[in-house]
Amino acid sequence: MTSSLPAADADARRALAWTHTARFLTTAAQLHQLPATELPEIAFVGRSNAGKSTAINLLTQQKRLAFASKTPGRTQHINLFALGPKDAPDALFADLPGYGYAAVARGAKLRWQKVMADYLELRRSLSGVVLMVDSRLGFTELDRQLLAFVAPRVGTGAVKLLVLLTKADKLNRRESDAALAEAQRVLADLATDDSDVGVSLFSALSRRGVADAAQWVHAGSRSIPPDAGAGVGVDEGTQGDVRAADAASADGHGEPPEHGPASGRTPDT
Ligand code: GDP
């Protein structure tokens, strides 16, 4: 039976079997607290409520994996998950803090900027970024700011970028086409001869885009970033392998405020 499946289906199944191996590794409030590693790392980023946790849970086929990132004290942390064989992980997922939740202090926003900029600019093992954008809202100002942090490394091809336009089940055909076209227009600014930038409609309800996203992260996990060469797996300032319990207690901030017309939470249903 399996032999009659198209190759793409077999690839998708392999990718989904691999993403299913994801398990929580550690959490950290700042870049230098992350473990030094040469494993390729795929980061998941997005505005609060964009559907990031849902997408991670769906990709890994684990109902509660990313909700580790929503527990008190961890919402502003970078949460790492290991993938591959238990005794020899071959890649990491990094779930980065959601941003853009309205009505939060300025200090929290500055802190968000520092954590994100440091991570996206300096984390050497970063090989891919998956940005979740609510398909009804499009890119917010903070999404654009985040893209600016990582744009230099996307431009060189060191970091691949995939934008998932989430909650696509809420759009009709015409709106979906428009959301895709608008995203492509924004992302065109990042494109170079060396860049690898993709965009896809995504829905947790219909599972649209899930298999493609799994294949994308699977492929990304097998490409070692050029700037993570031999002997340089340690990020500047890395002091070692700070584990979850130490880092988790330092929180207490809410999420940073959003600027611009798309601020505030939107209904979910
Ligand atoms: P996060 O803050 O980015 O992690 O967002 P969540 O994953 O918690 O999702 C925020 C809300 O959007 C929740 O109520 C989800 O059930 C809802 N949601 C997420 N993905 C989808 C989707 O594809 N379709 C629909 N209709 N709702 C979704």
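# Why these terms apply

Me: What makes the pair formed by Gly51 and the ligand a polar contact?
Reply: A backbone N or O atom of Gly51 lies 2.9 Å from an oxygen atom of the ligand. A polar contact is a pair of N or O atoms within 3.5 Å, so this pair counts. The model is predicted, with local features needing pLDDT of at least 70 and side-chain atom pairs pLDDT 80 or more, while totals for chains, interfaces and linings use all residues. Residues are numbered from 1 along each chain as its sequence is written, and side-chain values use heavy atoms, without hydrogens and water.

Me: Which polar side-chain atoms lie 2.5 Å and 2.7 Å from ligand atoms?
Reply: One belongs to Ser53, 2.5 Å from an oxygen atom of the ligand. The other belongs to Asp169, 2.7 Å from a nitrogen atom of the ligand.

Me: Why are helix 3 and helix 4 called roughly parallel?
Reply: Helix 3 (residues 106-122) and helix 4 (residues 141-156) pack at about 25°, the angle being taken between N-to-C directions of axes fitted to C-alpha atoms over the stretch in contact, on a scale from 0 to 180 degrees. Angles under 35 degrees count as roughly parallel, so the term applies. A helix here is a DSSP run of H or I, at least four residues, numbered from the N terminus.

Me: How many nonpolar, polar and charged residues does the contact of helix 3 with helix 4 have?
Reply: There are 10 nonpolar, two polar and three charged residues. Nonpolar means Ala, Val, Leu, Ile, Met, Phe, Trp, Tyr, Cys or Pro, charged means Asp, Glu, Lys or Arg, and the others, Gly among them, are polar. Contact requires heavy atoms within 4.5 Å; those meeting across the two helices include Trp112 and Met116 in helix 3, and Phe149 and Arg153 in helix 4.

Me: What makes helix 1 roughly perpendicular to helix 6?
Reply: The axes of helix 1 (residues 7-19) and helix 6 (residues 210-221) cross at roughly 70° and come within 8 Å. The range for roughly perpendicular is 65 to 115 degrees, so the label fits. Among the residues making this contact are Ala8 and Trp18 of helix 1, with Val210 and His218 of helix 6. By class, the contact has nine nonpolar, four polar and two charged residues.

How values were computed. Angles under 35 degrees count as roughly parallel, over 145 as roughly antiparallel, 65 to 115 as roughly perpendicular and the rest as oblique. A polar contact is a pair of N or O atoms within 3.5 Å; within protein, one must be able to donate a hydrogen and the other to accept it, and residues adjacent in sequence count only if both atoms are side-chain atoms.
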